[in-house]
Amino acid sequence: MTIHPVSQRTWASLHPDQRLALKQAAVRLAAEFTGLYGTETIERFLASSFDQFAGRATVTKFLPLLAERFARQRLDALARVEGLHA
């Protein structure tokens with residue numbers, strides 16, 4: 001398995017299982033935040049959340065799950081600050 005630095009990582013350079021998990025996470029988050037944020041915003045939050053964990057992770061098996069949870073928390077916090085979510 002080739003390890004890419006965060007600055008060189010693209011969705012295509014991820015392991016196929018991680019790509020699938022992140023795509024599914026994006027679909028779940030898009031369904032959850034329908035009407036609040038677009039797909040691009042959700043994918044950007046998910047990718048940046050993934051990168052924050054991947055940059056220092058020693059175990060990478062659960063990175064997509066952690067990224068999804070962190071992105072959800074960040075999107076929820078943003079919606080609260082913007083007054084879009086109770």
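What share of the 86 residues in the protein is buried? Buried residues make up 29% of them in this predicted model, and the views below begin with the whole chain before turning to selected residues and one helix pair.

**View 1. Overall fold of the predicted model, with three helices and zero strands.** Followed along the sequence, the secondary structure of the protein reads α-α-α. Of the contacts that join residues at least 6 apart in sequence, 57% are between residues at least 24 apart. The accessible surface of the protein amounts to about 5,700 Å², and carbon and sulfur atoms contribute 57% of that surface.

**View 2. The crossing of helices H2 and H3.** Two packed helices are described by the angle between their axes together with the distance between the axes. For H2, residues 39–54, and H3, residues 63–81, the axes come within 8 Å and cross at roughly 125°. With that angle, H2 is oblique to H3, and the crossing of the two helices is right-handed. The residues through which H2 meets H3 include Ile-42, Phe-45, Leu-46, Ser-49, Phe-50 and Phe-53, while those on the H3 side include Leu-63, Leu-66, Ala-67, Phe-70, Ala-71, Arg-74 and Leu-78.

**View 3. Surroundings of Ser-49 in helix H2.** Ser-49 has a relative accessibility of 0%, so this residue counts as buried. The side chain of Ser-49 reaches the backbone oxygen of Phe-45, with a distance of 2.8 Å. When residues up to four places away in sequence are set aside, Ser-49 touches Ala-67, Phe-70, Ala-71 and Arg-74, and these four residues are also among those of H3 that meet H2.

**View 4. Surroundings of Leu-63 in helix H3.** Leu-63 has a relative accessible area of 3%, which is under the 20% limit, and therefore this residue is buried. Apart from its neighbours within four places in sequence, Leu-63 is in contact with Gln-18, Phe-50, Phe-53, Ala-54 and Ala-57. Of these partners, Phe-50, Phe-53 and Ala-54 are listed among the residues of H2 that meet H3, and Leu-63 itself is listed on the H3 side.

**View 5. Leu-63 and Ala-21, a pair separated along the sequence.** How far apart in space are Leu-63 and Ala-21, C-alpha to C-alpha? The two residues lie 42 residues apart in sequence, and the distance between their C-alpha atoms in the model is 9.4 Å.

Key:
Residues numbered from 1 in each chain as written. Predicted model: local features only at pLDDT ≥ 70, side-chain atom pairs only at ≥ 80, totals over all residues. Heavy atoms only, no water. Buried < 20%, exposed > 50% of the residue type's maximum accessible area, 1.4 Å probe, protein only. Contact = heavy atoms within 4.5 Å. Areas by Shrake-Rupley, 256 points an atom, 1.4 Å probe, with all protein chains shown as cover. Polar contact = N/O pair within 3.5 Å; in protein donor to acceptor, adjacent residues only side chain to side chain. Axes fitted to C-alpha atoms, helices over the stretch in contact; angles between N-to-C directions. Parallel < 35°, antiparallel > 145°, perpendicular 65-115°, else oblique. Left-handed = near helix turned anticlockwise from the far one by under 90°.
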